[in-house]
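Let's take a friendly walk through a structure with the sequence and the 3D view side by side. Have both open as you read.

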Amino acid sequence: MSKTASAPHRFNKSGLSLEKAIKFFFASNAGLTIVILVLIIVFLLKEGLGFFPGYRRELEIYRIAGLEFVDLSRQNLTTHEQLASVLNRAYYAEINGKCARELKRSREAAALFNAFSDQTTATRDLILNNLTAGIDPDSEMLATLRKNHAANVQKALAKLPPTPHLTLTERTALIDSLRSRDVTAKDDPPLVATLTEQYAAAQQVQAKPLAGLRATIDAFEATGSDLSTLVSEMTTAVTATKESLQNADILEKDRKTLLAAAARAKDPAERARLMADAQASLAEQADIDGPMQSLMLRKPTCIEAHNALRQTSSEILTQLPTALSQPEAERLLRAARKAAPVFLTTLGQAPGQISQWRHDTRVPLSAAIRSFLTGKDWVTGGEWQDFYGILPLLVGSLMISMVALCLAIPAGVGAAIYINQFASGHEQSLVKPVIEFIQAIPSVVLGFIGILVFGSVLRDLSQLDSLAWVPGFPIEERLNIFTAGCLLALMSIPTIFSLAEDALNNVPSAYSEASDALGASRIQTSFRVVIPAAFSGILAAVLLGLGRVIGETMVVLLVAGNRIKIPDFSSGIGAFLQPSHTLTGIIAQELGEVPLGSVHYRALFVVGILLFTIVLGINATAHKFVSRTQH
Amino acid sequence: MVNHLANIADPLPPAIRIDRLCFAYQAKPALHGVTLDLPARQVTAFIGPSGCGKTTLLRCFNRINDRIPGARITGGSIHIHGIDINRPDIDLQELRRRVGMVFQKYNPFPKSIYENVVYSLRLSGIRKRSQLDESAEAALRSAALWDEVKDRLHSSAMGLSGGQQQRLCIARAIVSQPDILLMDEPCAALDPIATLKIEELLHQLKEQFTIVIVTHNMAQATRCADHTAFMYLGKLVEFGPTLQIFQTPHDPQTLAYVTGSFG
């Protein structure tokens with residue numbers, strides 16, 4: 001034995017080195033993915049966690065410069081303006097609702113005229129330019145231009161938008177007037193002008209019985225003027241204080257950098273120069289006490305203005321009519337009547353808040369965290385104050401996901417059940433690849449299909465008279481939560497379908513055989529045995545679909561409308577037809593433009609961490625369900 | 001053939017009458033003209049080497065073979081209580097309620113014990129709690145399982161032992177009072193003690209049901225079956241009372257098989 005151990009033999013190990021190398025290659029690949037994941041997490045945390053102290057300092061400046069004090073009044077002023085705007089909208093909705101026929105006729109005629117003008121301006125302008133340049137009106141060139149223009153007019157007249165509220169005679173007359181329209185004519189065609197006049201006249205007639213409401217609204221709008229003046233005066237003062245505080249911060253940061261550099265410098269001369277620079281950038285203490293004192297002196301005026309506003313508002317708001325005839329106007333009026341007492345209560349609390357406010361209350365770190373997690377405003381790059389509250393983004397993401405899942409679960413799971421349980425082999429081989437093909441569509445392509453086809457069709461549909469009963473219709477924005485949700489549903493259907501189909505496929509055939517042998521019909525076997533047995537797998541499929549939906553960026557960036565605002569739930573389901581922004585979209589949109597290392601930059605990283613955590617949580621839960629099915 | 005011997009011993013009309021049955025999986029024939037009458041209220045065992053068609057024959061009786069694409073009866077007929085079960089107007093669900101089946105590998109649903117037992121009652125739309133409870137208890141008692149599970153009826157059936165799960169499957173198959181019970185190697189996946197319990201159970205069950213059992217275990221056939229059919233290569237070789245098949249077989253192939261010369 002000892003002889004053969006040293007000498008080369010049949011089982012010599014030398015041949016294994018290649019095997020080892022291959023093994024090492026695969027092991028290192030697997031290791032690399034883990035290392036990268038760890039690096040990503042470390043990087044996210046390193047960049048993100050600096051956010052909270054930075055944001056805390058911003059909130060501190062917000063307080064000690066007095067911006068917070070001004071906002072106490074400004075918020076109420078904003079509510080006042082919003083209330084006034086709702087009332088105005090109710091007023092105009094009432095009038096326009098009553099002269100809806102005139103409005104539509106006027107709009108349709110104008111739309112037809114505009115469509116015609118859009119298509120004929122090019123050739124018309126050519127002729128006009130030549131005429132003003134003094135070309136002989138009978139020249140050959142002008143004749144050619146006129147001929148081109150005439151051809152263009154014919155083409156434009158061939159495709160005009162529909163005018164369902166104009167009579168055929170009116171439409172023919174309008175088209176005739178357009179056909180014979182002189183190139184130099186600047187006035188609207190007679191019918192358009194007449195209809196505009198009719199509309200204006202109808203508005204005036206309808207406004208008469210509403211004169212009382214108009215006066216009330218005007219009076220209400222006027223009550224805010226005192227507070228408004230006060231706020232704008234205070235704004236100028238505190239903005240200056242804030243700027244000097246920020247400058248001091250920047251200088252202080254510079255000084256620290258210089259001192260650190262000086263400590264590292266080896267050359268004594270260099271060190272001395274850096275030290276001198278550091279001394280020079282020693283910030284003079286920003287003067288906050290002086291402006292603050294004068295701001296505090298305004299407290300009584302402020303309180304007085306609030307009390308006055310509350311007094312007059314409560315008197316005026318009682319004069320609002322109890323009902324309006326048009327449904328939209330009625331809805332707005334009801335919203336205003338509901339908001340009014342809330343507004344008055346907040347006004348009542350304002351004097352207390354104002355007198356208690358102190359600029360030297362400490363801002364704890366928890367306040368920054370709370371402001372981030374529960375803040376209703378995501379305001380960046382503004383002149384006043386930046387706020388990083390993720391609530392509008394989170395709500396947007398959740399609402400879009402909700403729409404997507406509401407559509408994708410029935411479609412994906414339903415298709416999986418059908419294909420797995422009921423479809424013939426032929427149908428299976430047709431449907432499965434088609435559904436999986438959807439996954440291959442790049443999301444940016446899906447995004448512009450969403451904008452151009454789906455969004456536009458939805459908006460056009462919403463403007464049909466016969467669909468006016470749908471809540472939220474007619475929609476103003478073609479890019480909204482619903483559109484984005486529909487597209488995301490389309491994207492997540494393949495995921496949900498494939499995984500749910502797998503889950504159904506994994507149910508042992510012994511179950512369905514036993515069920516069949518007990519006299520169950522096909523449907524009974526599916527719904528009583530197979531689907532319940534696959535339930536946790538289907539749930540996992542749905543969760544993984546949700547993970548995909550929440551993490552999707554391109555489609556929501558293109559289609560969700562990107563308005564950073566919590567949707568207005570007062571219109572019920574209509575809230576889903578409003579534009580919104582999302583956690584993913586905000587990162588994609590803003591990260592390219594923020595200064596490196598700024599609080600804003602770090603805020604985006606925290607959003608990234610949050611997103612990462614959400615998706616990780618969803619996937620971990622899904623994984624749990626999957627492993628439950630397998631055992 | 002020796003069928004007449006069985007008929008003499010049996011006063012009841014045959015439960016299943018098989019006449020020149022041919023069966024094929026797509027192009028591959030599995031049964032070639034099997035003719036056989038199965039006596040009612042008795043246990044009949046099908047024996048034979050693997051692939052001889054005994055399971056295929058058994059699975060024809062409740063037409064569970066219909067699940068397999070391309071599998072079909074190519075000739076002959078099966079009559080159960082005088083009705084040709086291969087007619088196109090047969091209500092398969094009703095047929096399978098009358099002809100229960102227990103599979104080789106115990107396969108309770110991933111539900112509670114109770115829900116497993118009352119499954120076929122729920123299928124036929126019975127909702128009354130008292131009726132379900134009563135039938136479930138009766139079926140579990142018949143399957144000799146009641147005493148072992150009565151305190152945990154609503155816990156998962158997956159927590160039972162293999163033998164218990166198989167008896168649960170038997171209870172599930174007999175709860176709707178079928179006439180015929182088909183058993184496809186019911187003890188193949190069980191240990192000897194659990195096997196013994198099932199065999200004891202067979203003796204009680206044949207009072208109520210006509211039982212057809214496929215088995216690889218010849219000792220089991222001698223212990224449980226009143227009649228035995230020996231099949232080979234898709235044909236019925238010999239059918240008769242069990243003792244006769246095992247002690248004085250008429251056919252040399254049967255003799256070779258029961259003495260262990262092949263198979």
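## A covered helix

Start with helix α20(A), which is mostly covered: of its 9 residues, 7 are buried. Keep in mind as you look that this is a predicted model.

Which residues of α20(A) are buried? They are Y511(A), S512(A), E513(A), A514(A), S515(A), D516(A) and A517(A). These buried residues pack against α21 of chain A, and also against several elements of chain B: α2 (54–60), α3 (92–98), β6 (99–102), α5 (119–123) and α8 (162–174). Following the helix you will find G519(A), which has a positive phi, near 90 degrees.

## Where the two chains meet

Now zoom out to the interface. Here 18 residues of chain A are in contact with 22 residues of chain B. The area buried between chain A and chain B is about 1,700 Å², and carbon and sulfur atoms give 57% of it. On the chain A side, the residues that lose the most area to chain B are E513(A), L518(A) and R528(A), which together make up 37% of what that side buries.

How many salt bridges does the rule find across the interface of chain A and chain B? There are 2. In a salt bridge between E513(A) and R59(B), the closest N and O atoms are 2.8 Å apart. So E513(A) is a good residue to click on: besides forming this salt bridge, E513(A) is one of the buried residues of α20(A), where buried means under 20% relative accessible area.

The count of residue pairs in polar contact between the two chains is 8. Which elements give two or more residues to the side of chain A that touches chain B? They are α20 (509–517) and α21 (522–533) of chain A. The largest share, 9 residues, comes from α20(A). Sorted by class, that side of chain A has 8 nonpolar, 7 polar and 3 charged residues.

## A sheet in chain B

Chain B also holds an open sheet of 4 strands, in the order β2-β1-β4-β5, with antiparallel pairing. Why do β2 (28–38) and β5 (83–84) of chain B have a side without a neighbour in the sheet? Both stand at the edges and each has a single partner strand, so one side of each is left free of a neighbour there.

Look next at strand β1 (residues 16–25) of chain B, which pairs with β2(B) in the antiparallel sense over 7 bridges. For one of the residues to find on screen, take Y25(B): the bridge partner of Y25(B) in β2(B) is K28(B). In general, the strands of a sheet pair through backbone hydrogen bonds, either parallel or antiparallel.

Key: Residues numbered from 1 in each chain as written. Chains lettered and ligands numbered in written order. Predicted model: local features only at pLDDT ≥ 70, side-chain atom pairs only at ≥ 80, totals over all residues. Heavy atoms only, no water. Contact = heavy atoms within 4.5 Å. Buried area = accessible area lost by both parts, 1.4 Å probe. Salt bridge = Lys/Arg side-chain N within 4 Å of Asp/Glu carboxyl O. Polar contact = N/O pair within 3.5 Å; in protein donor to acceptor, adjacent residues only side chain to side chain. Nonpolar A, V, L, I, M, F, W, Y, C, P; charged D, E, K, R; others polar. Pairing = 2+ DSSP bridges. Buried < 20%, exposed > 50% of the residue type's maximum accessible area, 1.4 Å probe, protein only.
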